[in-house]
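Welcome! Below are a few short exercises, each with a solution that goes step by step. Have a look at the model, then try each task before reading on.

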Amino acid sequence: MKKLLALLLVCTMMLSLAMSVSAEDLKGKKVSLLTANLSSVTTNQMAEYMKKGLEEHGIEVTVVDTKGDFGQLASRIEDSVSAKADAIVLISADPVLVLSQLEVAFEAGVPVFGCDSGFVEGMQVNATSDNYMMGEAITRYLFNDLMGGKGSVIALTHRPHPGVVKRSNAFDDIIKEYPDIKLITEQHVEVPGPIESARTIMENLLLSNSAKDSVTAVWCAWDEPAIGATQALMDAGRGEVFVTGVDGNSQAVELINEDSNLKATMAQNFEGMANIVVTEVVKLFSGEEVIPGEQYAPALLITKTE
Amino acid sequence: MTTQQKIRDALKHYGTMMAAVIIILVFSLLRPDAFFTLQNLVNISRQISLLVIVAIGATLIMVMEEFDLSLGALASLGGIIGATLAVSGVPILFAMLAAVLGCALIGLFSGWLITKFNVLSFITTLAMSTIITGIIFAITGGSTVFQGVPRSYRSVGTSMVLGIPLLTIIMLLLTVLFWFIMRHTPFGRKLYAIGGNQKAALVSGIPVKRMKVIAFALCAGLSGLAGVLLSSRLGSAHPSGGDGLFLQAYAAVFLGKTMFRGGVANIWGTLVGSIILGVLANGLTIMQVPTFMQDLLTGCIIIMALVLQKIGAKTDDE
């Protein structure tokens, strides 16, 4: 037993050693991709696209996930500065939430990029979608084309996310223009675990809105809650309720094409965002000029007919 | 005493400490340029400071063989109260104090419920954590508090005194203070007596209920303080910003339980446990180990530290 434990200890240490040695053997620049939500399909996709794109240029990439913990994210930014990373990319994380640590990076001369994050002074580029416009487009499609300007709607959102809150703001602004559309309730979806969280919320809301046509639609700030809500509606046999999401993730698109409750989503161009970041990082490393600010990857409305 | 017994004895008493030293040595050898630097030492001390503060609170509770599952939610609430009050123009010190006191009051209430109705602390504090989450969402609507947070609010979490982060100084002061309280005051000894044998403590005249209520209040106050300092460090307060501290704090306390006092929670042990967790997270990131591997290694190392200590402890059983 003791020998086995000793062996395990040695193996663990050797593994750390082996991994570090292989990392040090690699040449080229080092980029840290930092996120607090790698379990999200889309965040993961962006991390993968960027990793692939940067590695194709010989850049060494590390992906760090702090699983929803922004205190840890702050610490990992400090660590990346200590490790003398050549650039940091924040993925789906509001830079405002880790501003003090980013300022440390700025002072140390470590360039900071964002991918679906936000932009603060001192950063290089944040690649994102115009979240307000996406929120506006999907809300108008839901209210006009699906609901015909009347009925009742449930909103599922997660306002702490910088992009999501802009979509919710668009929803808030537009619903004021539709007096015949009533907001039943807005519910906060937990992250990580948004599908399960939205599904549970929806199951419970259906209990309190059990009559057919008591709910016309469910507006979801992104696709994962839309998937959860759709699952709950399908289980409850409530085929009359429309659901919309935003993001265009593959599971959502599949549900749209299966004639489920989920009717539309806005396809965020995550690959496009990742490509913007890769291009800008490469430009910076090659000594070309990078114009600081936000760059938008255009989004598309996805419905079954299209 | 045979050599084998000596090794077991050393493992039992110093196993966790040795693990900490080995981990630091390994990282220092592998990345001396980035890990073993003054700058990184400062980083690590700042990074573990909030964990240590929450874990000290958890230690007080664990000493009595009780649990407080609302630590993370309390830390989140502390940050939200502090930042919200600061945004609304309340002087920084009062905003922070109000957050700590608010959380301490909630802890007081939890302690009162637990002792008055003799209910399990495990379940009561779990329920309390749900209530606290509700309060947070009522205050914030689910949004992060960051707009209008005064720059001075950030100063506590970001400023340095003689090159040492203020957070580190606060952590060290609290560690020494609570080590003293637990080791050299009747209050600390009574908490240990309650944990050792509650009935015997009661019979010997220790006001068990009052001690427990005070401990829960202190623990909640410390969690609230950690939350305030976290929001100050980040310049913003996230509705679930402190939640991550909860499991880490208990991991630190359990690691620390393996030190010095033969399986009883203690302040220095908690500090070493926090250092192990902090150094692992920092060192593995610096070595660019992927996240999944960091989780695997951290989990394995914690289990190994616990098992090695148990092997050492067998000396007593035999």
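**Exercise 1. Find the domains of chain A and describe how domain 1 and domain 2 touch.**

Step 1. The domain assignment, automatic or taken from a database, splits chain A into domain 1 (2-128 + 270-296) and domain 2 (131-267). Residues are numbered from 1 along each chain as its sequence is written, while chains are lettered from A and ligands numbered from 1 in the order in which they are written. This is a predicted model, in which local features need pLDDT of at least 70 and side-chain atom pairs count only at pLDDT 80 or more, whereas totals for chains, interfaces and linings use all residues.

Step 2. Taken over C-alpha atoms, the centres of domain 1 and domain 2 of chain A are 32 Å apart.

Step 3. Eleven residues of domain 1 and six residues of domain 2 of chain A form the contact (C-beta atoms, placed from the backbone, within 7 Å).

Step 4. On the side of domain 1 of chain A that touches domain 2, there are one nonpolar, seven polar and three charged residues. Here Ala, Val, Leu, Ile, Met, Phe, Trp, Tyr, Cys and Pro count as nonpolar, Asp, Glu, Lys and Arg as charged, and the others, Gly among them, as polar.

**Exercise 2. Work out how helices H5(A) and H6(A) cross.**

Step 1. Locate helix H5 (residues 131-146) and helix H6 (residues 162-175) of chain A. Helices (H or I, at least four residues) and strands (E, at least two) are DSSP runs, numbered from the N terminus.

Step 2. The two axes come within 7 Å and cross at roughly 45 degrees. Axes are lines fitted to C-alpha atoms, for helices over the stretch in contact, with angles from 0 to 180 degrees between N-to-C directions.

Step 3. H5(A) is therefore oblique to H6(A) (under 35 degrees is roughly parallel, over 145 roughly antiparallel, 65 to 115 roughly perpendicular, the rest oblique).

Step 4. The residues in this contact include A:Tyr132 and A:Phe143 of H5(A) and A:Phe171 and A:Ile174 of H6(A). By class, the contact of H5(A) with H6(A) has six nonpolar, six polar and four charged residues.

**Exercise 3. Describe the side of chain A that touches chain B.**

Step 1. Count the residues: chain A gives 38 and chain B gives 45.

Step 2. Elements of chain A giving two or more residues are helix H1 (2-25), strand E2 (60-65), helix H3 (70-82) and helix H4 (99-107). H1(A) provides the largest share, eleven residues.

Step 3. This side of chain A has 19 nonpolar, eleven polar and eight charged residues.

Note on methods
Contact = placed C-beta atoms within 7 Å.
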